[in-house]
Amino acid sequence: MNINISLPDGKVIKAQQGTCALEIAKTISEGLARNILSASVNNEDWDINRPINQDCCLKLHTFNDIEGKKCFWHSSAHLMAEALEYLYPGIKLGIGPAIDNGFYYDVDLGDDRKISSDDFPKIEEKMLSLAREKNSFNRKEINKQEAINYFKQKGDEYKIELLDDLIDGDITFYTQGNFTDLCKGPHIDNTGRIKAIKLLNIAGAYWRGDESRKQMTRIYGVSFQKQKELTAHLEMLEEAKKRDHRKIGKEMELFTFSKKVGQGLPLWLPKGAQLREKLENFLKKAQENAGYLPVITPHIGNKDLYVCSGHYEKYGEDSFQPIKTPQENEEFFLKPMNCPHHCEVYKSKQYSYKDLPVRFAEFGTVYRYEQSGELHGLTRVRGFTQDDAHLFVRPDQVKEEFINVIDLVLYVFRALSFKDFKVQISLRDKENKSKYIGSEENWEKAEQDIIDATKEKNLNTVIEYGEAAFYGPKLDFMVKDALGREWQLGTIQVDYSLPERFELEYTGKDNNKHRPVMIHRAPFGSMERFVAVLIEHCGGNFPLWLSPEQFIILPISEKFHDYAEKVKQLLKNYDICGPIDKRAETTSRKIRDAEVSKIPFIIVVGEREEAEEKITVRKHGGKNIGNIPTNEFIEIVKKEMRELINFTN
RNA sequence: GCCGAUGUAGCUCAGAGGUAGAGCGUUUCCUUGGUAAGGAAGAGGUCACGGGUUCAAUUCCCGUCAUUGGCUCCA
């Protein structure tokens, strides 16, 4: 009997009932048949050799697709489990999924055994030798009792616990070689596809993420079809290590931490502070143009403020403890958010519907007691500055304001060369609308407004249901950095809760009081986190307009120090700054050091330059601009700066 | 917060039960230089902190603190 198989391009293939994705791939091209790893049949994951018995939509996945990669890595996790069972008989297995960049498996080695990274080579070797056996992955539907019996006999209580949550009739085993695992699949056709393996690290992980339960050993790895791909991946990891903002921050003297000052409290060094100030001034200017009003609010607030905002109830116990005063019962808290203060700013006067939107902006420093194990460089700290603003708008203005904020965020991203990003729209959980505050009508409208705004701006969006905060839907910007890693940066959030709690009002056309909608937004997110991401994105080679120093002057010898000073002063008049390297070193040496320090322009001055009143300019990276008058250099610098920050959307 | 690893000079790191080493940087001197490391000499360390074992601990053991890989969390 024939069935119809439709492909994503609309083509329909007639095939024998019981055919499989691999067969279909063969009819399309030999190359595809060689590379196909998994498939989906009517959007259900499907092994490539699993029979297809009815009309369906078929998608074929190779390593270039997320689905293909995940399938490949998931199969690699099974392969690792097989190797581990061989090398460590009697181990118990937890879960072993594919992740964004590889796979892991959680294992319980028993009390007296340990694995360290020193053991990786022998595990990798065993995996490769098992892979070379080209064992096929065999899928088997199994009833629940049989499955439980299997793991009982094997002595693996973890799998039995997993089985508890599964419905009989929906349970499958996969077997390759001597290894059988409870698994939904899909898997690659045989282990022979796995040609290059690297185990990366090892860590403890609680069974089911519950710290009251057994801690298992989690082994992370990555695998590829070709050695070359593995090498490239490892090189990327090396590059990421080189760009680590903690390392570059130290090398370039941007920021530091001090045990004495306290964990997670960054100290911005002069160069880092210069960089950050430039970013802040840049955004301040953009916000001024977009109609924001500056406000400044204190670093602490009375307990009552946070009781009113609801933050006290939710976070009071788990955060920095209150500051007491000589007054009985008076308590202040370090501010964990700027919004309560901004609400009070709003309340300082009356608004008509014609006054809205009102936009209050502040680089507000906040303090949150993050768990000590969570602190990480500048990306996760206990004291940080948000590029915060709160927009108080009428419900009918939500969409327009979203568009305005999106424009601002796009402007920021473009100025900083973040070219690749997507936005996530977080909406209510459709099933459980009761857990959200605010009227059905407002939510409905705001959600639609956000969707429409992103459509209008032609953004690449993903919608996540159930990811909205209890107080409103939101839009998050995730940028991809130069190494392809994703970071969540800017955010725009609608809030119905705070206007309610603070009883914010404006007078409408109807002369009645109305409640404004509040929009929180931060294009950078926090200065700390943003600078960290920026450092890793550009590897410390900041865009010229942000670089703490734009040039370094290298006098050929001591005789030209005066001329160097003169050039430096001249450039300073145009806000182009940098030092003079007056060390008694050779020019080659000074060039090398300047290159290593990532300074954008190197200016060499010697006899020729002084005589002709010129400078010789070399760009970071080795490109010679040549012997030019200083004015010409100023023009070059100004032009390069303008290119990134002066444009209209 | 939990589990593992780490903590030696400003930085990157080696080292061993018997009072500490390299490279880079820094200082001084020589060299006055033309596009990715010129030469020489010197300074610099309670080996994170607190206990214990030992004739002797920076090294072994325990605790604390910090960093770090994860887990959990993230207004």
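Which polar side-chain atom lies 2.7 Å from a base oxygen of RNA strand B? In the predicted model described here, that atom belongs to Glu558. The contact forms part of a broader protein surface around the strand, which is treated below after the overall architecture of chain A.

Chain A comprises 649 residues, of which 51% count as buried. Its secondary structure amounts to 20 helices and 32 strands. Along the principal axes, the C-alpha atoms occupy a box of roughly 85 × 75 × 60 Å. The domain assignment divides the chain into domain 1 (2-62), domain 2 (67-240), domain 3 (263-297 + 351-538) and domain 4 (551-645). Domain 3 is thus listed in two segments. The centres of domain 2 and domain 4, computed over C-alpha atoms, are 57 Å apart.

RNA strand B is surrounded by 49 residues, and the closest are Tyr206, Glu374, Ile556, Arg589 and Glu609. Of the atoms of RNA strand B that come within 4 Å of the protein, 46% belong to sugar and phosphate. By class, the surface near the strand contains 11 nonpolar, 19 polar and 19 charged residues. At least two residues of this surface are supplied by each of β12, β13, α8 (245-251), α11 (311-315), α18 (587-596), α19 (607-612) and β31 (614-619). The greatest contribution comes from α18, which provides six residues.

Individual polar contacts involve several parts of the strand. A phosphate oxygen of RNA strand B is 2.4 Å from a polar side-chain atom of Ser372. For Tyr220, an N or O atom of the side chain is 3.0 Å from a sugar or linking oxygen of the strand. The contact of Glu558, at 2.7 Å, is instead made with a base oxygen.

Two pockets were examined on the protein. The largest has a volume of about 1,500 Å³. Its lining consists of 50 residues, with Tyr315, Pro336, Met337, Arg368 and Gln386 lying nearest the centre. These lining residues divide into 21 nonpolar, 15 polar and 14 charged.

The second largest pocket has a volume of about 1,100 Å³. It is lined by 31 residues, and those nearest its centre are Asp100, Asn101, Gly484, Arg485 and Glu486. Two or more residues of this lining come from each of α3 (66-87), β12 (196-206), β13 (215-224), α7 (227-242), β22 (420-427), β24 (474-480) and β25 (486-495). In terms of residue class, the lining has 13 nonpolar, eight polar and 10 charged members. Domain 2 (67-240) and domain 3 (263-297 + 351-538) each contribute at least three residues to the lining of the second largest pocket. Strands β12 and β13 appear among the elements of this lining, and β12 and β13 also supply residues to the surface near RNA strand B.

Local environments were considered at several further positions. Helix α12 (residues 339-346) is mostly covered, with six of its eight residues buried. The buried positions in α12 are Cys339, Pro340, His341, His342, Cys343 and Tyr346. Thr365 is located in strand β20 (residues 358-367). Because its relative accessible area is 19%, Thr365 is classed as buried, the cut-off being under 20%. The C-alpha atoms of Thr365 and Pro298 are 9.0 Å apart, although the two residues are separated by 67 residues in sequence.

Gln550 occupies the loop between α16 (527-538) and β29 (551-555). Its relative accessibility is 1%, and Gln550 therefore counts as buried. The side chain of Gln550 reaches the backbone oxygen of Ser547 at 2.9 Å.

Asn512 also lies in a loop, here the one between β26 (506-507) and β27 (513-514). With a relative accessibility of 44%, Asn512 is classed as partly exposed, a category that spans the range between the buried limit of 20% and the exposed limit of 50%. Asn512 and Glu609 are 97 residues apart along the chain, and their C-alpha atoms are separated by 74 Å. Glu609 is one of the residues closest to RNA strand B.

Definitions and conventions. Residues are numbered from 1 along each chain as its sequence is written. Chains are lettered from A and ligands numbered from 1 in the order in which they are written. This is a predicted model: local features need pLDDT of at least 70, side-chain atom pairs count only at pLDDT 80 or more; totals for chains, interfaces and linings use all residues. Side-chain values use heavy atoms; hydrogens and water are left out. On a 1 Å grid over the protein atoms alone, a cavity is a set of points where a 1.4 Å probe fits but cannot get out, and a pocket is an open set with protein on both sides within 12 Å along at least five of seven lines; lining residues have an atom within 4 Å of a point. Grid points are joined across faces, edges and corners, and a volume is the space filled by probe spheres set on the points. Ala, Val, Leu, Ile, Met, Phe, Trp, Tyr, Cys and Pro count as nonpolar, Asp, Glu, Lys and Arg as charged, and the others, Gly among them, as polar. Helices (H or I, at least four residues) and strands (E, at least two) are DSSP runs, numbered from the N terminus. Domain bounds come from an automatic or database domain assignment. A residue is near a molecule or strand if one of its heavy atoms lies within 4 Å of it. A polar contact is a pair of N or O atoms within 3.5 Å; within protein, one must be able to donate a hydrogen and the other to accept it, and residues adjacent in sequence count only if both atoms are side-chain atoms. Buried means under 20% relative accessible area, exposed over 50%, partly exposed in between (1.4 Å probe, protein chains only).
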